[in-house]
Every structure is written in C-alpha cells, then in structure tokens.
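Biologist: Please put the model up. I would like to go through some of its labels and ask what each one rests on.

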Amino acid sequence: MNIRLQQLNPTIGDLNNNVRSIKQAIQQAEADNIDLLVLPELTVCGYPPMDLLERDAFREAVYNANREIVREVGSITVIFGSVTPNVSGTGRQCFNSALVVRQGSVVAQINKTLLPTYDVFDDLRYFEPNDHFECVEIEGIKLGITICEDIWYNENDIQYHTYQINPAEELVTRGARAIFNISASPFTKTKPESRAGMLQDHARRFGVPVFYSNQVGANTELVFDGDTMVISSQADIIARAPLFEENFVDVEWDHTNDVVQNIGQQPHEVPSKPEGIFKGLAFGLRDYLRKTGIAEKVVLGLSGGIDSTMVACIAAEALGPRNVVGITMPSEFSSKGSISDSERLAQNLGIELHKLSIKDIYDRFEDTLAPLFKGTSFGVAEENLQSRIRGMLLMAMANKFGYMLLNTGNKSEMATGYCTLYGDMNGGLGVLNDVYKTEVYEMARWLNRYYYKDEIIPQTVIEKSPSAELRPDQKDSDSLPAYEVLDSILYRYIEKQQSAEAIAGEGYDLDMVKRMVAKVDYNEFKRFQATPGLKVSTKAFGSGRRWPIVQGWTRHQ
C-alpha cells in the first residue's frame with residue numbers, strides 16, 4: 001500500500017481556500033498512484049476554530065464543505081479531519097472527526113476520544129467525545145485511526161490529565177495492524193523531540209507502525225510545525241517531513257511482512273533549539289500577516305538592544321527586508337551604541353531605518369507636568385513617559401502608512417513587568433513574548449555563526465549590558481538578577497510550576513526567588529492588556545495561562 005501523509009496549512013474559517021487545498025492534495029495523490037492519503041486534524045476548518053463552532057451557520061458550512069470533499073474522492077482512499085454533527089440529541093453539537101472516504105462515499109467516521117482542556121486547548125467546550133472503538137478496514141487491513149490527543153495519552157510534557165482510556169491500545173486489542181493519527185499539534189521548542197519519542201514509544205509498545213500527519217501553519221498565537229512522520233513497528237523513523245512548510249512523506253507499507261519503506265525524500269533532520277525557535281517565529285509572523293491581511297509591512301523600534309535586533313532579524317527573514325521599517329528614537333539617556341548599532345544592523349539586513357529624537361517631545365511633557373510634579377524626584381513616571389512617547393511615534397507610523405507594529409519585548413520582561421503599558425508594550429504581535437532573554441542571546445549567536453555565517457548582528461549588541469536607557473547609567477541588573485539566574489527561576493515557576501520554596505531548594509536564594517515570583521504574579525494586569533504573542537514553550541503567557549489579577553494567594557506565600 002502506497003501511503004502519503006500530507007501536512008497542509010489551513011486558515012481558520014477560510015473554508016473555500018481550505019477545501020481548494022484539500023482537493024489539490026487529493027488530485028495530486030491520485031496522479032501519483034497513492035493508495036491512501038492522510039490529511040491532518042480539522043483540516044477543513046483549521047485548528048482551533050474556537051467559538052466559531054458555536055455558530056450554526058459556520059457548522060453547516062463545514063458540513064457542506066465535507067460533502068464537497070467527499071465527492072472529489074475517486075479511486076484512492078482519503079482520511080481527513082473535520083467537524084461532523086452530533087445528531088443524538090444530547091451532548092455537544094458536534095464531533096472532532098476523521099472521515100475515511102473512498103469512491104465519493106464516507107466509509108467510516110472516527111471521533112476524537114480524548115478532548116484536552118489544559119493549556120491552550122479547549123476541545124471539550126465544543127466537541128462530544130467518542131465512546132466506542134472500532135478499527136477501519138482498508139483493502140482488507142484493519143487500521144486504528146486516532147486524532148491528536150488520542151495518541152499522546154499520558155505522555156505530555158506536563159501531566160495535567162491522567163487518562164484512563166488509551167485509544168491506541170483499545171484499537172490494537174481489536175486487531176489494528178497500524179495506528180494512524182491525524183493531528184493539529186502546536187510547536188514548542190521541545191516538541192519535535194518529545195513528539196518523536198512518544199510515537200516511537202507507541203510503536204515499540206504495540207509492535208505496529210505509526211503513521212502521523214500534523215497540521216502546519218500558524219493561527220494567532222499557535223505555530224504548527226508539521227513534523228509529519230512514519231515510525232516502523234521496530235520504532236525506527238522511516239520518513240519525516242520538514243518543519244514549517246507544506247509538504248508530505250510517501251511510504252510503501254507491506255503489511256504482510258510488516259515492512260515500511262520510504263519511497264520519497266529522506267527523513268529531515270530536526271533543527272537545533274535556537275534554529276527551531278527562530279524559524280518557528282519567522283513562520284508564525286509570516287502567517288499572521290498573510291492570514292489576517294492586516295498589513296504587508298511592519299515597523300518596530302530599534303534601540304540597539306538585543307531584543308529589537310532579534311525582532312528585526314526575524315521580520316526580515318519572514319517578510320523580506322523591504323517590508324521592514326525600523327525607527328531609532330534616541331533620548332538624552334541613550335548611549336551612542338543605541339544609534340550606531342541600529343544603523344549597522346539596518347545596513348546589514350537591508351531594512352529601512354529612520355531616526356526620530358524624542359528629546360524635544362519629552363521636554364514639552366516635562367514642562368506641562370512641572371506644576372504637578374514640582375518637588376518630586378525623577379522616577380518611574382519620567383521613565384515611562386519616554387517609553388510612551390516612543391510608543392506613540394511608532395503607532396503613528398503604523399497608522400499613517402498601514403504598517404503593523406511589532407512588539408519587541410521578551411518573556412523575561414513580560415514575566416517581571418519590566419515593560420510599560422501603552423509604551424513598549426504597544427504592537428499588533430509580540431514576536432518574542434515567549435522567548436526568555438537568555439534564549440534571545442542564544443539565537444543571536446546561532447544566527448551569526450551558523451545561519452548568516454557573518455557578523456550581521458553587531459557583536460557590540462550581543463556584548464553590551466542590557467538596559468532600558470531611561471535614566472543615567474541604567475542597567476537591567478539594577479532591579480533584576482542576572483538573566484541566567486532570572487530565566488532559570490522563571491522557567492521553574494511558569495513552565496514547571498514549582499513553588500518558591502522548591503525553586504530555592506535547587507540552589508537559589510529564597511528571598512530573591514520570592515521577589516521574582518511576586519513580580520510575575522503582580523504584573524498579570526499588564527499581560528492581560530498585552531499584544532498576542534507567538535507560543536514556543538510548554539507554558540506561554542496568553543490563552544494557555546489563566547492567572548487571576550485579583551487574588552490574595554501571592555502575598556501569603
């Protein structure tokens with residue numbers, strides 16, 4: 001049996017274009033003499049459709065799209081993911097389903113069993129779970145078909161749920177000769193490794209090959225990497241599609257002798273951590289603009305610091321240098337390097353750069369506020385004024401020329417509140433919202449050494465001490481521990497969800513840990529108003545982390 005597993009890039013709710021893409025995949029598979037084509041989870045409507053599923057008109061449109069796709073299928077067999085109606089009269093109104101189609105007819109419908117409600121997932125809000133198991137017979141072979149979470153079972157990075165039912169095991173006990181899984185599994189910096197390990201564990205445990213087809217593309221904060229693959233019953237990776245692009249893998253499965261052979265391109269290598277983050281963020285930014293239609297060009301503030309430098313690199317990679325505009329906005333507290341490093345970076349990347357001094361504007365603000373601020377010392381209010389002036393100038397450029405403003409803040413700053421509402425928090429998308437400061441430096445070094453193979457990012461940017469440059473001789477270390485220490489604490493608190501005492505038990509000062517943890521908790525009000533950000537970790541700020549703004553837990557810990 002010749003099998004193609006194809007990773008498509010649907011746009012949520014864009015049914016016409018999604019159906020067109022599916023039809024093209026079917027037609028090409030038929031032309032290539034493929035016997036079985038496997039497409040990802042909810043590929044008709046895109047994932048996650050969220051509250052679109054509450055609208056009767058949307059669900060009906062999806063059902064009509066399903067019928068259109070079914071009519072397209074001729075001699076081959078196609079498995080694709082979509083929404084199907086629950087006609088029982090009880091429970092939720094629809095299922096998350098895999099439809100098995102041949103000769104213009106649906107020969108089987110498999111519904112998703114394990115409906116995750118943790119982190120960014122909310123499947124049980126919309127879908128009715130599967131309550132029975134049966135194999136699907138194709139060309140006389142019993143196959144077990146599962147959908148995304150069904151195959152993860154209890155092998156997630158963080159165990160939020162402990163499931164009692166293992167869908168793959170249920171199907172193997174019913175005679176399945178292979179497990180197929182259609183997924184919309186988002187990318188994280190550790191996901192390619194953990195995903196492959198999980199699939200290999202299944203193949204090893206059940207002694208059957210595993211065929212895995214995953215969505216690719218980005219929808220709002222989620223980046224889907226694809227990473228479609230085939231695992232032999234001996235747990236070898238036979239085929240693996242490249243990350244962050246529409247593609248497919250072709251294999252020949254001799255079920256009689258239990259042999260799976262790659263008949264297409266060789267398995268792609270998994271990128272290193274900094275490469276994966278960089279390419280994932282560029283892919284997420286590109287899709288965000290393409291799918292929303294917000295703008296073709298972006299603008300960002302270039303401070304000469306590592307964060308804005310990295311966002312400029314990502315934007316140039318994602319959109320092309322001609323579609324990136326940088327604005328450097330020096331004040332009386334700006335170092336010489338903030339301008340010269342920005343100019344050098346812009347020249348190296350080939351992006352447009354403009355200089356707008358904020359000194360005169362800031363002086364006018366000070367004059368206006370002088371009667372009210374009389375007798376007070378320079379402090380946070382004056383620092384934030386500078387950030388908000390810059391934010392206003394950037395938004396003015398975005399509004400005037402139809403650009404989208406990119407936010408350049410990193411996860412370490414977002415976590416500790418080291419950012420200004422209506423200032424440097426402005427923007428249409430937070431590119432580095434889920435990237436710690438130390439990871440930004442790691443990416444910068446990787447880019448110069450392995451990707452650009454040149455000093456595109458000025459070494460002075462990488463070596464300078466981090467500073468907001470909002471008062472004389474200011475350094476981030478004035479109010480924060482070294483980023484190597486801070487990020488380690490933040491990772492343990494946010495992603496591993498350890499207590500302050502548990503973190504301190506790993507060698508950190510307890511009082512310092514408590515101060516940093518309190519900063520995270522008390523700055524939730526800022527993140528509540530922040531731009532959406534691209535997710536690359538197991539626990540990002542955004543829809544997957546719901547922390548109360550009004551709460552008394554923190555002060556008692």
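Modeller: Note that this is a predicted model. A place to begin is Ile549, which is found in the segment after helix H17 (524-528).

Biologist: Why is Ile549 called partly exposed?

Modeller: Its relative accessibility is 41%. Buried means under 20% and exposed means over 50%, so Ile549 at 41% counts as partly exposed.

Biologist: What makes Ile549 eligible for a surface patch?

Modeller: Patch residues need over 30% relative accessible area, and Ile549 has 41%. Ile549 forms a nonpolar patch with Phe525, Phe528 and Val550, and together they have about 460 Å² of accessible area.

Biologist: How do you know that Asp227 and Arg240 form a salt bridge?

Modeller: Their closest N and O atoms are 2.7 Å apart. The cut-off is 4 Å between a side-chain nitrogen of Lys or Arg and a carboxyl oxygen of Asp or Glu, so the pair qualifies. Asp227 lies in the loop between strand E11 (222-225) and strand E12 (229-231), and Arg240 in strand E13 (residues 237-240), so the salt bridge ties together parts that are 13 residues apart in sequence.

Biologist: Why is Asp227 called buried?

Modeller: Asp227 has 0% relative accessibility, and the limit for buried is under 20%. Arg240, at 6%, counts as buried too.

Biologist: What are the labels for Arg492 and Glu506, buried or partly exposed?

Modeller: Arg492 is at 18% and counts as buried, whereas Glu506 is at 39% and counts as partly exposed. Their side chains meet in a salt bridge at 2.7 Å, N to O. Arg492 is in helix H14 (residues 483-495), and Glu506 is in the loop between helix H15 (500-504) and helix H16 (510-522).

Biologist: What makes strand E18 (352-355) an edge strand?

Modeller: E18 pairs on one side only, and so does strand E20 (429-430). They belong to an open sheet of 5 strands in the order E18-E17-E16-E19-E20, with parallel pairing.

Biologist: How do you know that E16 and strand E17 (residues 324-328) pair?

Modeller: Pairing needs at least two bridges. E16 and E17 have 4 bridges in the parallel sense, so the condition is met. One of the bridge partners is Val324 in E17, matched with Val298.

Biologist: Which residues touch the most other members of the largest nonpolar core?

Modeller: That core has 51 residues, and those touching the most other members include Leu281, Leu285 and Met404. Helix H7 (306-319) is one of the elements that give two or more residues, and H7 gives the most, with 10 residues.

Terms used: Residues numbered from 1 in each chain as written. Predicted model: local features only at pLDDT ≥ 70, side-chain atom pairs only at ≥ 80, totals over all residues. Heavy atoms only, no water. Patch = residues over 30% accessible without salt bridge, like charges linked within 9 Å, V, L, I, M, F, W, Y side chains within 5 Å. Areas by Shrake-Rupley, 256 points an atom, 1.4 Å probe, with all protein chains shown as cover. Buried < 20%, exposed > 50% of the residue type's maximum accessible area, 1.4 Å probe, protein only. Core = buried A, V, L, I, M, F, W, Y, C linked by side-chain atoms within 4.5 Å.
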